[in-house]
Structure formats: structure tokens, C-alpha cells
Amino acid sequence: MQTTEEHLRALMIDGLDGDAAAHAALLRQLVPLLRGFYRRRVRGADDDVEDMVQDTLIAVHTRRATYDRTRAFTAWLYAVARYKMIDHFRRVGRLRPIDDLEDYLVGDEFEASSIAKLDIDDLLKQLPPKQARMIRATRLEGLSVAEAASAEGVGESDVKVSVHRGLKALMTRVQGAIR
Amino acid sequence: MNTDDLIRQLSTDTRPVARNSVGWRLAIGIVAGSIASGLLILASIGVRPDLGAAMQGPSFWVKWGYTLSLSIAALMMTAQLARPDSGRLRGLWALGIPVLLLAAVGLLELARTPSSQWLAMWLGHSWKSCPWLVLSLSAPIFAGLLWSFRRLAPTRLRAAGAAAGLSAGAFAATVYCIHCPEVSAIFVLTWYSLGILLATLIGMLVGPRLLRW
């Protein structure tokens, strides 16, 4: 960690002195660091991650005058990265303020439905993946048999058979668990 | 755009950056804005005719001492908040010193004045216009600071906006001294400070919107 800090800081200072090669090297080496930083914080949205990485690289470049050479470079970098993440979600409007979130969490309903969802997930995991997908599509997501069939690229009878077999298998499993 | 292309494009524009470029940038914005405010005074309400004589006396320097020291303390806050990793603000207490000193001078003046004149001393001739003039004169300076911030990186936008508003207000009050004929310390302490406070408040309100980057 120490070596990364020292190394990046040296590149940054050379870049501030006008060394374009050092500056380019710095920006290239920041890419994996920033990707890691954002991936750890936003799961599953690779487009968002790459957007934020690029926004941060631009900011590191255009706002580099605000780096104080006597201070830690990575602290400065992650302060910029954190700001860019907040700004990104503010723009996309996906972050909800906590007091708003509470409305969603009110009461036992949320807890009960989350637990039910966990149970269903557990059960479906024990089925062959195809049967699980079909049950999910037709019984949980509310697709019609025809829609599920075309989404999966199979025949309608195939969907019906998979759902039927899957539900039957689940039934025996649940009953077995109760006895 | 591809990230590699982006990096290539960015690094073609690697100009050297001076060590204290944050300070320079803020100074340029402040000075340009203050000149604009000074010109605004010349073009509208005019310089007080006895400015030369007033500069010989103490009350002018009390006023200027107050506004100028407040300006410098505010600018120090602004410079800290212009960096992303500003952390805890250092020297926030320095803002209190000019206020306390001026209050002490004000009390001293009150003690030496018969109480029947206190109200006249407090309201002066221009208490109704003074805060508004200070606020109006702070607008060009705030605009100058917005220019400065275009290359800076505040992450606490509300605080940075307030600090920029405070700086703009305090410098505007400094410029306003070339017009204002008032002499008493409690006048300055109340009405100048009110104008500066309004500028701070507006800065705080618009900061999150205007300082985004």
C-alpha cells in the first residue's frame, strides 16, 4: 500500500510539473484502482462503474491543481472518487434519502415478504435450473406460458411440463421437510 | 468513449501546475470581482468626497480592519473547502476574532457616548441601505469566485458555498468602505455584518447547485 501511494504520488507530482508521460501513466494505473473502488460499492452495474471511472479520470485531470503535494495522494484520489459516485447517483436519481427509505421498510410486511422470498429462493435453488426459471417466470414474475416460452426460446408444452414437474418436486420436498 | 482513448486525450493537455495554484485562482477571482464592485460604486453611488481626510482618522481603519481581516479569514476557509480532501476545517475560530475586537471597540465607544445618542449612533444615516448595498456589491465578487471554482474541487458544496458567500460579502464590505461615511463601530458591527451574513446565506443556498462539478 505504501509503495502504491509513493509511486502514484511521484507520478502525480511529475504530471503537475508538466510531464505528460507520467501523467498518462498515472491515469492508466488509476483505472484498475477505481474500478475496484466502484465495484465494491455498486454491485452488478458495469456501465455505471465505467461511467464513474471515466468521470473520475476527467476530474483527476481537470481538478489536479487542487492536489496538495504535501498530502497523501490516495486520500485526495478517493475523495474525488467518492464525490463522483455521490454525484453520479444524484444525477441518475437512484439513491434515496434514508428517511424516504423508511417508508419502504415500515411494518412487518417488508420483513415477512423478504423472508418468504428467501424461502422461495432456497427452494428453487434445489431444482434443476430450467424448472426453477420457468416457475419464476410464470408463477412469480407473472408472465403467461406463451411469453415465458418465447423468452426462453422453447415450446409452450415444454414450459408447462417444466413448471408441472418443478412444482411437484417442490411439493414433495416441502412435505418431506414438514414430516 | 473507450477509457484508453480518454486517457490519451486527457494527457495531451498536461500543462505544468503551480504549487499554490488554488490560492492564485481564488485571488484572481476575488480581485477581479472586487475591481468590478469598485467600478460599480464609481458608476452609481460614488466615492465619499472626504475619503482622503477620512483615511487620516481612526474610524476608517477600524472599519477596514474589521472587513479586511474577516475577508482574509473567510478566504482561508474557502481555500480549504476548495480541495476535495478538506477534512476538518482549521482556523474557523479566526472568523470570531474580528467580530470580538469590533464589539470591544463598539462597547468602548458606547461607554464614552451619552445614552441619548446611542440609537442615532447605531442606526447612522444609512442603516436601511447599508446591508443591501453590501449584498449587491458582493454579487460580482461571488461571480469571480464561481469562476475560480471552475477548476477547483469542493466536495462539501453547502459549506463551500457559504465560505464563498462569506468571502464575497466581506470583500464587498471592504470595497464599500470607500463610499460609506458611517463612523461608529456598532453601526459596522450590525449593518455591515448583516449584509455579509446575507451573502453567506445566499452562498449556502446556491452552493450545491452552482459548485457542482
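**Close-ups of a predicted two-chain model**

**View 1. A:M12, a buried methionine.** A:M12 counts as buried because it has 21 C-beta neighbours inside 10 Å, and the cut-off for that label is 20 or more. Keep in mind that this is a predicted model. To find A:M12, look in helix α1 of chain A.

**View 2. Who sits around A:M12?** Leave out residues up to four places away in sequence, and A:M12 touches A:L26, A:Y67 and A:F73. Now pick out A:L27 as well: A:M12 and A:L27 are 15 residues apart in sequence, while their C-alpha atoms are 9.1 Å apart in space.

**View 3. Where chain A meets chain B.** Here 31 residues of chain A are in contact with 22 residues of chain B. On the chain A side, α1 (2-16), α2 (20-41), α3 (46-62) and α4 (73-92) each chip in at least two residues. The largest share comes from α3(A), with eight residues. Sort the chain A side by class and you get 15 nonpolar, seven polar and nine charged residues.

**View 4. Helix α8 of chain B, end to end.** This helix covers residues 157-176, which makes 20 residues. How far should the helix span at 1.5 Å a residue? The expected span is 28 Å, and the end C-alpha atoms are 28 Å apart, so the two agree. As for its surroundings, α8(B) is mostly covered, with 18 of its 20 residues buried.

Key. Residues are numbered from 1 along each chain as its sequence is written. Chains are lettered from A and ligands numbered from 1 in the order in which they are written. This is a predicted model: local features need pLDDT of at least 70, side-chain atom pairs count only at pLDDT 80 or more; totals for chains, interfaces and linings use all residues. Two residues are in contact if their C-beta atoms, placed from the backbone, lie within 7 Å. Helices (H or I, at least four residues) and strands (E, at least two) are DSSP runs, numbered from the N terminus. Ala, Val, Leu, Ile, Met, Phe, Trp, Tyr, Cys and Pro count as nonpolar, Asp, Glu, Lys and Arg as charged, and the others, Gly among them, as polar. A residue is buried if 20 or more other C-beta atoms lie within 10 Å of its own, exposed if 12 or fewer, and partly exposed in between; C-beta atoms are placed from the backbone. The expected span of a helix is 1.5 Å times one less than its number of residues.
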